[in-house]
Amino acid sequence: MIKYSSTRDKLFDWTNIVLLVLTALIMLIPFLYVFAISFSTYKEFLQSNFILIPKTWTVEAYQFIFESRAFVRSIGVTVYITVVGTLVNLAMTASLAYALSRDIWAKRLLLFLVLFTMLFSAGMIPTYMVVRETGLLNSIWALILPSAISSFYLIVMRHFFLGIPKEITEAAIIDGANDLQIASRIILPLSKPALAAFSLFYAVIHWNNYFSGILYLNTPEKWPIQVLLRQIVTQNEASASLADAQVLLENPPPAETVQMAAILLATVPILILYPFLQKHFAKGVMLGSVKG
Amino acid sequence: MKTNLKLLAMLVLITAIVLTAAGCSSNGNSTTNKKDDNNVANSNEGKTAENPPATDSNKKMTITAMKFVYGNIPPSDGKGLEMINEKFNIEYKPTLVVQSDYVQKLSAVVASGNIPDIISMEAPDSNFYKWAKQGAFLPLNDFISQYETFKNVPENVLKTFTVDGNIYALPHYFPLTYTSTPMIRKDWLDNLGLQMPTNYEELKQVAIAFTTNDPDKNGQNDTYGIAMSQNINPSMAMGAYWDPGAWYNKDAQGNLIPGIISDARKDVIAWFADLYKAGAITKDFALMNWANTNKEFYSGKAGIFIATPRGMSSEYMSSLIEANPNVQLEMIPPFVAPDGSQGFSSSSGYYKQVMLSAKLKDDPEKVKRILELLDYGRNFYAADQMTQDNKDFDWINGLYGVGYTIEDGVVKKESEEKGLTPAAYFDAIPWAPNDAANGYSKQYKVPLLSELTAKAEKMHAETKHYLNPGSQVFSETRAAKSTDLDKKLFDDQTKMIVGEKPISDWDQMVYEWKNMGGAKIITEINDAVKAASIQGEWK
């Protein structure tokens, strides 16, 4: 911060600091609340209004979750989908983006097709039918292949590749490199920050995806964590009819402490990724905005 | 150069993964299919060894199903599933979907033309009638009389599932008279020297006294009257006359109207508004979900909530007893209405339904197997038949000592997540001859809960119930629009309770509701009621 002596500037700084701290607290408190409830006893939760620091700390909720095979298994499924899915995404996106950044045959047509899917999507049922007809139904690949390339990220990545000075590739061509060599030895190494940013984008999408899981996967053993989490948490919602109230009574949702623990367990792993990738992430946001 | 090599290695790795991925995926399809076949083969192997070679009529058949489940999802290879396969000589393949997203998945599956043999739905909604008209389901008319348990479904209930003379669904049992009605903290009444309220004015005084007079005698101002959630639930209807869901009251032309737009309801809303001002109902009820509202009551903050004989939570009740050892609960009996009637409205008498795929029409043998399975699941067992000596009961609950145990006469089932019981895999809901036969109150382990539900059973047995004509007929407009229309009414009425809108806006609200399609619903329901010559009976 630059030091100014005028009181007006100081006042401005302090107002800023106070406001920002307040905003940060507003963002943090819900997390703290979730955290606190997940570690408090159900009885304490029932009997108090608002908990930020539990009186008695307990890991009962976590024990309950880890005793359920389903939760641990579905975390495994999600990790698998995220890791493999992101690798597939990167490979597919980078290779098409690279091709489209070169002078190839029918480039304009291909670009148009990519753009077209960005503006018009097929909708749930046609997509479901495609997945079914390709035999992907009830396979984990149904969550990976249909979304192997995001057209938006593809276009951004292509712009990034275009931003790499032509002279470098030309030099490589003179040295006798073919397209594959140019991609692997020049373009991709120069794009490391971009690739890191895109892998984070893709990973977050995979991690948070639940609807494809519900739609395409029929056996509970294959469900990713978000499907399970949704089921644990949304069951709580009241609806208008008395019959529903009765149904809720008969199928009580898991205790809130368990719900909060589940939320935390399903969020934290992907949250941890952020600090590590953040410097790339910030750069990634600017990608393609200015051509070099 | 070194980094380049590393990168090249990375690229090769990525390509390799992608290639294997593509390879896997194409294999994946066939392997998933093959796997299924293998399963069939595997499970067959065990049996063909002991069974004589299959003839045509006892050939093993694959039966697919789709149903929704709540909390605990049983595994796809559970013991209960094996038991079903063995007993009915089928390869039963249920797809279990979480309830919250079931409708969307079902829509996709039906629209893609890949309808499973057995389909479950929560209610006869607009999708049901649409698909029925499109011929997605198998007409069941001929089968109803062939199976004992199917005959238990009352004629007028079946009418709801009839389209162009064809019955397309079998509903499941739901207590007809055991609705959720208000209960009250008797210990609080006693502490304050108050009597059980017998009309709305008295109930209001009690609710306000609960708020201001420290009914739990702990010296703190930490209690209030009625625990309430969003959508004005509980409705605090102390009889069919006030029930928002009952088609009881009539308009000036003599047509039945839904309770939620009646003048009786208007009075209840004004009554709620008074209580809200006095702080005697949950302050932020408009934002409360059902679990939070339960918490308000079972933590001992609120003194009035609802209860019903079936499906009360022992966990909630235990936590209430722990926090308030002296708690006593009582059901509030129905009030005498201005027209002299006294009694609660009944429910529709069913909940959840099952359909068969129309594709089965050329496969009577398969239909027979499916219906046998469904019929078996609907068998009713009275409380004294719930023992391991009753073979059918024992089987459907996964055999004594495995799927369930009996402690002090109370059946204790294993979690469905383990998949030990056949009942976890299909809708095995017994159709009880009458509500009382279920003996719900005897199935609770918490004594206070047994006591309370027994009182509720007694109250429902001793009072009359209004058979709601509105739940016995179908209205297309209602099926299509009721969700939006109800929401509008709940929103407006909530605003009236919290004082954002004056009660005098009531007529305007009803007028808008009628224009949005409400008038059409009223016409359709009244026409249907007349056509079926249904009287709004008390029973």
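Angles between helix axes under 35 degrees count as roughly parallel, those over 145 as roughly antiparallel, those from 65 to 115 as roughly perpendicular, and the rest as oblique. The close-up views below are all taken from a predicted model.

**View 1. Helices α4 and α10 of chain A cross obliquely.** Helix α4 (residues 69-101) of chain A and helix α10 (residues 192-208) of chain A have axes that come within 9 Å and cross at roughly 135°; that angle falls in none of the named ranges, and α4(A) and α10(A) are therefore oblique to each other. The crossing of α4(A) and α10(A) is right-handed. On the α4(A) side the contact is formed by Thr78(A), Ile81(A), Thr82(A), Gly85(A), Thr86(A), Asn89(A), Leu90(A), Thr93(A) and Ala94(A), which meet Leu195(A), Phe198(A), Ser199(A), Tyr202(A), Ala203(A), His206(A) and Trp207(A) of α10(A). Sorted by class, the contact of α4(A) with α10(A) consists of 8 nonpolar and 8 polar residues, with no charged residues.

**View 2. Helix α10 of chain A also packs with helix α7 of chain A.** The axes of α10(A) and helix α7 (residues 151-163) of chain A lie 11 Å apart and make an angle of about 175°, and because an angle over 145 degrees counts as roughly antiparallel, this is the term that applies to α7(A) and α10(A). Tyr153(A), Met157(A) and Phe160(A) of α7(A) make the contact with Ala194(A), Phe198(A) and Phe201(A) of α10(A). The contact of α7(A) with α10(A) has 6 nonpolar residues, no polar ones and no charged ones. Phe198(A) is listed both in this contact and in the contact of α10(A) with α4(A).

**View 3. The two domains of chain A are in contact.** The domain assignment of chain A gives domain 1 as residues 7-58 and domain 2 as residues 67-285. Between them, 7 residues of domain 1 of chain A are in contact with 7 residues of domain 2 of chain A. On the side of domain 1 of chain A that touches domain 2 of chain A, α1 (7-38) and α2 (42-47) of chain A each supply at least two residues, and the largest share, 4 residues, comes from α1(A). The residues on this side of domain 1 of chain A comprise 5 nonpolar and 2 polar residues, and no charged ones.

**View 4. Five strands of chain B form an open sheet with mixed pairing.** The order of the strands is β2-β1-β3-β14-β6 (chain B). At the edges stand β2 (90-98) and β6 (170-173) of chain B, each with a single partner strand, so that one side of each is left without a neighbour in the sheet. Neighbouring strands of this sheet are turned by 20° against each other on average, direction ignored. Within the sheet, strand β1 (residues 61-69) of chain B and strand β3 (residues 118-121) of chain B run parallel and are joined by 2 bridges, and Met66(B) stands opposite Ile119(B) in β3(B). Helix α13 (residues 364-377) of chain B packs on the sheet, where it touches β1, β2, β3, β6 and β14 (350-356) of chain B, and the direction of α13 makes about 40° with that of β1(B).

**View 5. Domains 2 and 3 of chain B make contact.** Chain B is divided into domain 1 (1-53), domain 2 (54-176 + 349-437) and domain 3 (181-345 + 439-531). The centres of domain 2 of chain B and domain 3 of chain B, taken over C-alpha atoms, are separated by 32 Å, and their contact takes 14 residues from domain 2 of chain B and 13 residues from domain 3 of chain B. On the side of domain 2 of chain B that touches domain 3 of chain B, two or more residues each come from α4 (126-133), α7 (155-160) and β16 (410-413) of chain B, and α7(B) provides the largest share, 3 residues. This side of domain 2 of chain B has 8 nonpolar, 3 polar and 3 charged residues.

**View 6. A four-stranded open sheet of chain B has mixed pairing.** The strand order is β8-β11-β7-β12 (chain B), with β8 and β12 (329-331) of chain B as the edge strands, each pairing on one side only. Neighbouring strands of this sheet are turned by 30° against each other on average, direction ignored. Strand β7 (residues 181-185) of chain B and strand β11 (residues 302-307) of chain B run antiparallel and are joined by 4 bridges; Ile184(B) has Ile304(B) as its bridge partner in β11(B).

How values were computed: Residues are numbered from 1 along each chain as its sequence is written. Chains are lettered from A and ligands numbered from 1 in the order in which they are written. This is a predicted model: local features need pLDDT of at least 70, side-chain atom pairs count only at pLDDT 80 or more; totals for chains, interfaces and linings use all residues. Axes are lines fitted to C-alpha atoms, for helices over the stretch in contact, and angles run from 0 to 180 degrees between N-to-C directions. A crossing is left-handed if the near helix is turned anticlockwise from the far one by less than a right angle, and right-handed if clockwise. Ala, Val, Leu, Ile, Met, Phe, Trp, Tyr, Cys and Pro count as nonpolar, Asp, Glu, Lys and Arg as charged, and the others, Gly among them, as polar. Domain bounds come from an automatic or database domain assignment. Two strands pair if DSSP finds at least two bridges between them.
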